[in-house]
Amino acid sequence: MRRRITSLTVLAALVATLLFALPLAFAVWQYYHDDAKGDLERAADTAALAVSHELDAGLRPEVPPSEAGEDEAVVAIYLPDGQLLAGHGPAVGGPVERQAARATVDVVIGREGDELALAVPVVSGSRLTGVVRAAMPMSDLRQRIILTWLGMAGLAVATTGASWLLARRFTKRLVRPLEELAAAADRLGDGDFTARSPRAGIPEIDQVGETLDATAARIGSTLERERAFSAEASHQLRTPLTGLRLQLEAALETPAADPYAAIRAGIASADRLERTIEDLLALGRERRAPRAELALDALLEEVRQAGEALLGPQGRALRILREDPPPAHVAAAAVRQVLGVLLDNAVTHGRGTVTVLARDAGDALAIDVADEGPDLGETDPFATAPSGHGIGLRLARGLAEAEGGRLRLSRPSPPTFTVLLPAAEPTPPA
């Protein structure tokens, strides 16, 4: 690309130089011919004025010396019959001198051999007394023209060379940002979404770079969200799978028990697992599930079933309490996942009885999940621990905030987590 741009720039400079040089070369040729004619005419007129009295008196004249700027002109004086009378020239006048002798024109110029000759008649009254001839070698004229043309050609070469240097410089400045853009695009294609293109100070290229950077940022953000969603989803699926496993293990340890009860419990756990998968997919696709009035009774019943499946094999109890909870307009899938995380956290890290309390918190619906585990002290339960247990709590907090609510550790001892959800505005009376 660099070579192509440089070649096109040099070609454009050559074309422009030729279009300018050809008329100028002709103008130079015309100028030197006109200048030579002017020098010869001045030399001939000066000599004619100087010898007019001698020719009128029939005396042999002497050719006057040339003035400055007329050194190249060779002056000769001829009689009306064409014989050389004085000066340097052909012994017999040529066509230029014969035409001047006829006195049809004041000045006659033409080429005689290898000379450019100019003749003027010398007249006394109505009588022709002689002809003055001024001439210069054509080689001198050609030399002037060729030297000027060579100078113009050298200037054209210098101009083309300067165009080549400037083209290389500006091509480098233009192509380097494009190469850096290509390198950034290659890094982006290789999966490096932190790749950014530098700014070149050229608005069009910078606009392409900004678009590429924005694309890389969007792709990186999307990929990061997908990775986070995968980690969070795997954590969320662990709770119903754990409950199903515990139920099956308990059924195997007590072969005398009714197998149908274990099968029914397994089917219920499988249903909860399927619901969890559907909730996660819905939340991952929409980022905000449709909001309706929360069916709190059905939700607490699901919590009871999941809690008994998890806590029963450990010999622990689950209590669900209600203290006039207000209605709330939130996504049931999000609240279900939040409570599932809190229940899993109480089963995994807590002790004793797990209590779920739905209560009125003024302008919010509060759901407390407490257990009899050790004092958390200054520990931040929402920070990701090396074991990865903080992933679920961070997911639960994000889901609660997405619904306009909050999730916080309301008491470190006994550990109590509280979900605050905005209460629905009361319906005005008809």
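1. The chain exposes about 24,300 Å², and carbon and sulfur atoms supply 58% of that area. Accessible areas here come from the Shrake-Rupley method with a 1.4 Å probe; for residues, only the protein chains shown count as cover. The model is a predicted one: local features need pLDDT of at least 70, side-chain atom pairs count only at pLDDT 80 or more, and totals for chains, interfaces and linings use all residues. Residues are numbered from 1 along each chain as its sequence is written, and side-chain values use heavy atoms, with hydrogens and water left out.

2. Of the 430 residues of the chain, 38% count as buried. Buried means under 20% relative accessible area, exposed means over 50%, and partly exposed is in between (1.4 Å probe, protein chains only). Among the contacts in the chain with a separation of 6 or more, 63% are between residues 24 or more positions apart; contact means heavy atoms within 4.5 Å.

3. The secondary structure comes to eight helices and 12 strands. These are DSSP runs numbered from the N terminus: helices are H or I with at least four residues, strands E with at least two. Two strands are taken as paired if DSSP finds at least two bridges between them.

4. One open sheet has five strands in the order β2-β1-β5-β4-β3, with antiparallel pairing. β2 (84–87) and β3 (108–112) stand at its edges with a single partner strand each, so one side of each is left without a neighbour in the sheet. Neighbouring strands of this sheet are turned by 25° against each other on average, direction ignored. Axes are lines fitted to C-alpha atoms, for helices over the stretch in contact, and angles run from 0 to 180 degrees between N-to-C directions.

5. Within that sheet, β3 is joined to β4 (residues 115–124) by five bridges, and the two strands run antiparallel. Ile109 stands opposite Leu118 in β4. Helix α3 (residues 138–189) lies across β3, β4 and β5 (127–137), and runs at about 45° to β5.

6. Helix α3 also takes part in a surface feature. Phe26, Trp29, Ile146, Leu147, Trp149 and Leu150 form a nonpolar patch on the surface, with about 620 Å² of accessible area together. Patches are made of residues with over 30% relative accessible area and no salt bridge; like charges are joined within 9 Å, and nonpolar side chains (Val, Leu, Ile, Met, Phe, Trp, Tyr) within 5 Å. A salt bridge is a side-chain nitrogen of Lys or Arg within 4 Å of a carboxyl oxygen of Asp or Glu. The elements giving two or more residues to the nonpolar patch are α1 (2–57) and α3. The most comes from α3, with four residues. Leu150 lies in helix α3 and counts as exposed, at 54% relative accessibility.

7. A second five-stranded open sheet has the order β7-β9-β10-β12-β11, with mixed pairing. Its edge strands are β7 (318–323) and β11 (406–411), each of which pairs on one side only. The twist averages 20° from one strand to the next. Six bridges join β7 to β9 (residues 354–360), and these two strands run parallel. Ile320 stands opposite Val356 in β9.

8. Two helices pack on this mixed sheet. Helix α6 (residues 296–311) touches β7, β9 and β10 (364–370), and its direction makes about 160° with that of β7. Helix α7 (residues 332–349) touches β9, β10, β11 and β12 (416–422), and its direction makes about 175° with that of β12.

9. Two residues of helix α7 are worth a look. Asn345 is found in α7 and counts as buried, at 14% relative accessibility. Leaving aside its neighbours within four places in sequence, Asn345 is in contact with Gly350, Leu393 and Phe417. His349 also lies in α7, but counts as partly exposed at 36% relative accessibility. The C-alpha atoms of His349 and Gly373 are separated by 7.3 Å, with the residues 24 apart along the chain.

10. Two backbone details should be checked in the loops. Most residues other than glycine have a negative phi, and most peptide bonds are trans. Asp324 has a positive phi, near 50°; this residue is in the loop between β7 and β8 (329–330) and counts as exposed, at 68% relative accessibility. The peptide bond from Ser413 to Pro414 is cis, with omega near -15°, and Pro414 lies in the loop between β11 and β12.
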